[in-house]
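Me: Hello! I am new to this structure and would like a close look at a single part of it. Could you walk me through one helix and the residues around it?

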Amino acid sequence: MTPAHDPEHAPAGILLHLAGPLQSWGTHSAFNERDTARFPTRSGIIGLLAASLGRRRGEPVDDLARLSLTTRTDRPGVLLRDLHTVGGGLPAKGTVTTAEGKKRPPAKGTLFSHRTYLADAVFTAALTGSDTLLRECAEALRHPVWPPYLGRRSCPPEGPLLIGLLQDPFHHLIRLPLACTSGPQRQPTGTSPQLPGEQVDFHSDAPLHRLPVPPADTTADQLLDGSTPVGEVTDDPLDLSPRRRTYRARPVYRRTVHLPDTPRGGLGADYLAALHTYLNSTTSELQGGAA
């Protein structure tokens, strides 16, 4: 059953607009192969918050790791695979160190690295958890100590990053304008092609069956309603120290939702105008404005 919308008693949450020319959310990158997930990872978002708060890589992130992350895919983007070279043209002492701790000779000093990115993707994310910590993070996102980035330093966000700190964040996650233009509509497997509106994917580290979706989209099928994990991803950080990075696996919940009443806000200035209109219409529920 979909819960009733009760903003006065609903917990608060941070809403983020994650957009940029490139994003990269690695889940099992190793050595010369750097991958990306098709949606923002917990480790990437926690790293973004830690940078904004001014935490150094060796500092604990236990409190941030207790926040829950749910993302909405406004625009899935496309995968780009880039070739990088490292260490070429350097004397032996400047080449990349081998696993045995030795240096490569100049003739073998150039290494190739393949890195995958998401191009032109946009996500809206909701972070929930401790009210005090959320307020601290929201303030840090307005005035970050170090620049936040979308998975890698080469992937800066385009603004605004912080939408706001709002009551009942999942209510707004369903209704905030989509950062996309009108175009061909995607239909989930097994649904009628006559369904109007947008089909939008949600990913979370928690079950999604209580997402406040429109009544027409509710389903009792646990394989479709987001109550059952669709897999695991190793992106829950235990230690972000450069030499001791460790992560644990956590379940991934996914749900495709039919959103007939959620407007498409367009791109660039059009989206910012649609976002501004939406936030103004919910002023009484806002705890902190967009950055």
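Reply: Happy to help. Let's begin with a term: a helix axis here is a line fitted to the C-alpha atoms over the stretch in contact, and angles run from 0 to 180 degrees between N-to-C directions. Please keep in mind that this is a predicted model.

Our part is helix 1, which covers residues 42-53. Its axis comes within 8 Å of the axis of helix 3 (residues 131-142), and the two cross at roughly 70 degrees. Because angles of 65 to 115 degrees count as roughly perpendicular, helix 1 is roughly perpendicular to helix 3. On the helix 1 side, the contact is made by Leu-48, Leu-49, Ser-52 and Leu-53. Helix 3 brings Glu-136, Cys-137, Ala-140 and Leu-141. Sorted by class, this contact has six nonpolar, one polar and one charged residues.

Now let's turn to Arg-42, which also lies in helix 1. Arg-42 has a relative accessibility of 6%, so it counts as buried, the cut-off being under 20%. Which residues does Arg-42 touch, leaving aside its neighbours within four places in sequence? They are Ala-65, Arg-66, Leu-67, Ser-68, Leu-69, Asp-205, Asp-235, Asp-236 and Arg-250.

Some of these partners deserve a second look. Arg-42 forms a salt bridge with Asp-205, with the closest N and O atoms 2.7 Å apart. Asp-205 sits in the loop between strand 9 (198-204) and strand 10 (231-239), so this pair ties together parts that are 163 residues apart in sequence. Asp-205 is buried too, at a relative accessible area of 16%. The side chain of Arg-42 also makes a polar contact with the side chain of Asp-236, at 2.9 Å. A network of salt bridges links Arg-42, Asp-205, Asp-236 and Arg-248.

Two other residues from the contact list, Arg-250 and Asp-235, meet each other in a salt bridge of 2.8 Å, N to O. Arg-250 is in strand 11 (residues 246-259) and Asp-235 in strand 10, so the pair links distant parts of the chain, 15 residues apart. Both Arg-250 and Asp-235 are buried.

Finally, back to helix 3 for another salt bridge: Glu-139 pairs with Arg-142, their closest N and O atoms being 3.2 Å apart. Because they are three residues apart in helix 3, about one helical turn separates them. Glu-139 is partly exposed at 40% relative accessibility, and Arg-142 is partly exposed at 28%. The count of salt bridges comes to nine.

Definitions and conventions: Residues numbered from 1 in each chain as written. Predicted model: local features only at pLDDT ≥ 70, side-chain atom pairs only at ≥ 80, totals over all residues. Heavy atoms only, no water. Helix = DSSP H or I, 4+ residues; strand = E, 2+ residues; numbered from the N terminus. Buried < 20%, exposed > 50% of the residue type's maximum accessible area, 1.4 Å probe, protein only. Polar contact = N/O pair within 3.5 Å; in protein donor to acceptor, adjacent residues only side chain to side chain. Contact = heavy atoms within 4.5 Å. Parallel < 35°, antiparallel > 145°, perpendicular 65-115°, else oblique. Nonpolar A, V, L, I, M, F, W, Y, C, P; charged D, E, K, R; others polar. Salt bridge = Lys/Arg side-chain N within 4 Å of Asp/Glu carboxyl O.
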